[in-house]
Amino acid sequence: MRQELADKICGYKFAQPGMVLQHDEVDWCTLLTDPPPAVIEFVETFNGVYDNIEEPFKIMDASGDGNISRTEMLSFARRIGIGDEPPRTIREPENWDRKAWLTEVFRYLDPDGGGEVSMEEWMVLGEIFEAQQVAVRELLEFLQLRFGTQDNAWQYISGLKTLADLDGEKVVQSQGNNWGKSTTRRPSTHAEEMRKKRNTVIQQSGQEIEITYEEFEESMLRLNFIGELKVLFSTIDTSGDGNIAESEWMEAVESILGATSIKTGDS
Ligand SMILES: [Ca+2]
Ligand SMILES: [Ca+2]
Ligand SMILES: [Ca+2]
């Protein structure tokens, strides 16, 4: 049922055992793939920064007339953190051109070409903003279902425990282990063991564990989770350094699922 729900909301697909999903069999969430990349990246910069989509509009409408002109957009995007350095969500920062990028966003927002973006026009971003929040929520709920608790999910995502470690745990077996499928007792790979060792040392030294995109992608694909992983990753990486730090992951869990959902296990 959860899988059905996820399909309806955002087109996630979960591969059946022994079956490889082809890219074009997947009904990708149109909201997250249709707008130009600049628009997606633009909205992603708001995640974890603004509670709603109206806030950045009001900040940029310096004249307060309820419209954002092209000039206001180019000047006052600085007030919402879009300065001379590429924002954290830019996929190809080395090729980023601030003016061209903002102009592309402006054109998308002002389809009537009137030269002003009204609040009504701006609100198309609201759907993308919502879709990104829903996507992160679905990811976290998927992990909770798979691993029983958010704490177990973090243990897996951070590499502190391998899939083999967690599937051996009673808590996973008794709580929604991958829609009742039998546990996959696949032994941990050498790479998993190395990462576990490395991150255990980092954790014991009191430093923050950081996850790279490649590690995140690999962990999620191993669970047969196919979604907009890049969008999810940059939505959670609010510092924009290309890594998800433990604190960023916990912030996402807290802001999206609420603080009560974090279970600290036996600590
Ligand atoms: Ca204005
Ligand atoms: Ca307009
Ligand atoms: Ca980060």
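Student: Among contacts in the chain between residues at least 6 apart in sequence, what share joins residues at least 24 apart?

Tutor: In this predicted model, 65% of the contacts between residues at least 6 apart in sequence join residues that are at least 24 apart. The chain that makes these contacts has 15 helices and 6 strands, and of its 267 residues 33% are buried.

Student: How do I read a place where two helices meet, for instance helix α3 and helix α6, and at what angle do their axes cross?

Tutor: Look at the axes before the side chains: the axes of α3 (residues 37-44) and α6 (residues 98-109) come within 9 Å and cross at roughly 95°. Since angles of 65 to 115 degrees count as roughly perpendicular, α3 and α6 are therefore roughly perpendicular to each other.

Student: Which residues of α3 and α6 meet there?

Tutor: From α3 come Ala-38, Val-39 and Phe-42, and they meet Trp-101, Glu-104, Val-105 and Tyr-108 of α6. The residues of this contact divide into 6 nonpolar and 1 charged, with no polar residue.

Student: Is Ile-90, in the loop between α5 and α6, buried or exposed?

Tutor: Burial is judged by counting neighbours, and a residue with 20 or more other C-beta atoms within 10 Å of its own is called buried. Ile-90 has 21 other C-beta atoms within 10 Å, and therefore is buried, although its place is in the loop between α5 (70-76) and α6. Not counting residues up to four places away in sequence, Ile-90 touches Glu-41 and Trp-96. Ile-90 and Glu-44, which are 46 residues apart in sequence, have C-alpha atoms 9.2 Å apart in space.

Student: Which residues of helix α13 are buried, and why do they lie on the same side of α13?

Tutor: The general idea is that an α-helix has 3.6 residues a turn, so residues three or four places apart point the same way. In helix α13 (residues 213-222), the buried residues are Phe-216, Ser-219 and Met-220. Because they cover an arc of only 95° around the axis, they are on the same side of α13.

Student: What covers the buried residues of α13, and which exposed residues does the face turned away from its buried side carry?

Tutor: The cover includes the helices α9 (150-157) and α14 (229-236), together with the strands β4 (210-212), β5 (225-226) and β6 (243-245). The face turned away from the buried side carries the exposed residues Glu-214 and Leu-221.

Student: Which residue just after α13 takes a positive phi?

Tutor: That residue is Asn-224, whose phi is about 60°.

Notes: Residues numbered from 1 in each chain as written. Chains lettered and ligands numbered in written order. Predicted model: local features only at pLDDT ≥ 70, side-chain atom pairs only at ≥ 80, totals over all residues. Buried ≥ 20, exposed ≤ 12 C-beta atoms within 10 Å, placed from the backbone. Helix = DSSP H or I, 4+ residues; strand = E, 2+ residues; numbered from the N terminus. Arc of directions from axis to C-beta. Contact = placed C-beta atoms within 7 Å. Axes fitted to C-alpha atoms, helices over the stretch in contact; angles between N-to-C directions. Parallel < 35°, antiparallel > 145°, perpendicular 65-115°, else oblique. Nonpolar A, V, L, I, M, F, W, Y, C, P; charged D, E, K, R; others polar.
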